[in-house]
Amino acid sequence: MSDHHTHDDAHHDEHDDHAHGTVKSYTIGFVLSVILTAIPFWLVMNKAIPSSTTMGLVLMAFAVVQILVHMVYFLHMNTKSEGGWNMLALIFTLVLLVITLAGSIWVMHHMNTNMMPGMNHEMLDKMKQLP
């Protein structure tokens, strides 16, 4: 029975090393999340940025920052958790995601431009003029 308690205590001590959130850290995370939601909402509702491309980029930047806030304050991901393996796995996942998305967009763009190269507007106009 004493071996069982020793094992449980060792197992419990192993988990105490992990960073657990405090009320202060959760409050900071919540306030930052609300701010990072309210600002883009205000920008869209007031049409503060007239260019839709610029607006999209600004909104994506706010989204990325909000993801980072959630990861740090709510998921407690940092370089110290799990001996740095969590961060390494996250970086690997992000690299694969960027490669997949960029490759997909690249392939779709080239398929769109090269699928029927002779069927552009000038060719269609010339075909209409033929007797």
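**Reading a five-helix model**

Biologist: Where is the place of M71?

Modeller: M71 sits in helix 3. Helices (H or I, at least four residues) and strands (E, at least two) are DSSP runs, numbered from the N terminus. This is a predicted model, in which local features need pLDDT of at least 70 and side-chain atom pairs count only at pLDDT 80 or more, while totals for chains, interfaces and linings use all residues. Residues are numbered from 1 along each chain as its sequence is written, and side-chain values use heavy atoms, leaving out hydrogens and water.

Biologist: Thanks! Why is M71 buried or exposed?

Modeller: The idea is a cut-off: buried means under 20% relative accessible area, exposed over 50%, and partly exposed in between (1.4 Å probe, protein chains only). M71 is buried because its relative accessible area is 13%.

Biologist: And what does M71 touch?

Modeller: A contact means heavy atoms within 4.5 Å. Leaving aside residues up to four places away in sequence, M71 touches H76, M77 and L90. The C-alpha atoms of M71 and G29 are 9.6 Å apart, although 42 residues separate them along the chain.

Biologist: G29 takes us to helix 2. Which residues are buried in helix 2?

Modeller: Here is the general idea: an α-helix has 3.6 residues a turn, so residues three or four places apart point the same way. In helix 2 the buried residues are S25, G29, S33, L36, P40 and L43. Helix 3, residues 52-73, is included in what covers them. One example is Q66, which belongs to helix 3 and touches S33, L36 and T37, not counting residues up to four places away in sequence. Q66 counts as buried because its relative accessibility is 19%.

Biologist: Which residues of helix 2 should I look at for the opposite case?

Modeller: Try K24, which is placed in helix 2. K24 is exposed because its relative accessible area is 63%. Its C-alpha lies 10.0 Å from that of Y73, a residue 49 places away in sequence. I35 is also in helix 2, residues 23-45; with a relative accessible area of 42%, I35 is partly exposed.

Biologist: What makes the nonpolar surface patch?

Modeller: I35 joins F30, V31, V34 and I39 in a nonpolar patch of about 420 Å². Patches are made of residues with over 30% relative accessible area and no salt bridge (like charges joined within 9 Å, nonpolar side chains, Val, Leu, Ile, Met, Phe, Trp, Tyr, within 5 Å). A salt bridge is a side-chain nitrogen of Lys or Arg within 4 Å of a carboxyl oxygen of Asp or Glu.

Biologist: How many residues has helix 2, and what does it reach from end to end?

Modeller: Helix 2 has 23 residues and spans 32 Å from its first C-alpha to its last, close to the 33 Å expected at 1.5 Å a residue. After helix 2 comes K47, with a positive phi near 50 degrees.

Biologist: Where in the protein is confidence lowest, and where is it highest?

Modeller: pLDDT is the predictor's confidence in each residue, from 0 to 100. Its mean is lowest in helix 1 (residues 2-16), at 49, and highest in helix 2, at 96. Over residues 10-14 pLDDT stays under 50, and the model gives these residues zero contacts beyond four places in sequence. Where pLDDT is low, the predicted coordinates should not be read in detail. Across the protein, the mean is 81, and 76% of residues reach 70 or more.

Biologist: And how many helices and strands are there?

Modeller: The protein has five helices and zero strands. Buried residues make up 11% of its 131 residues.

Conventions. Accessible areas come from the Shrake-Rupley method with a 1.4 Å probe; for residues, only the protein chains shown count as cover. The expected span of a helix is 1.5 Å times one less than its number of residues.
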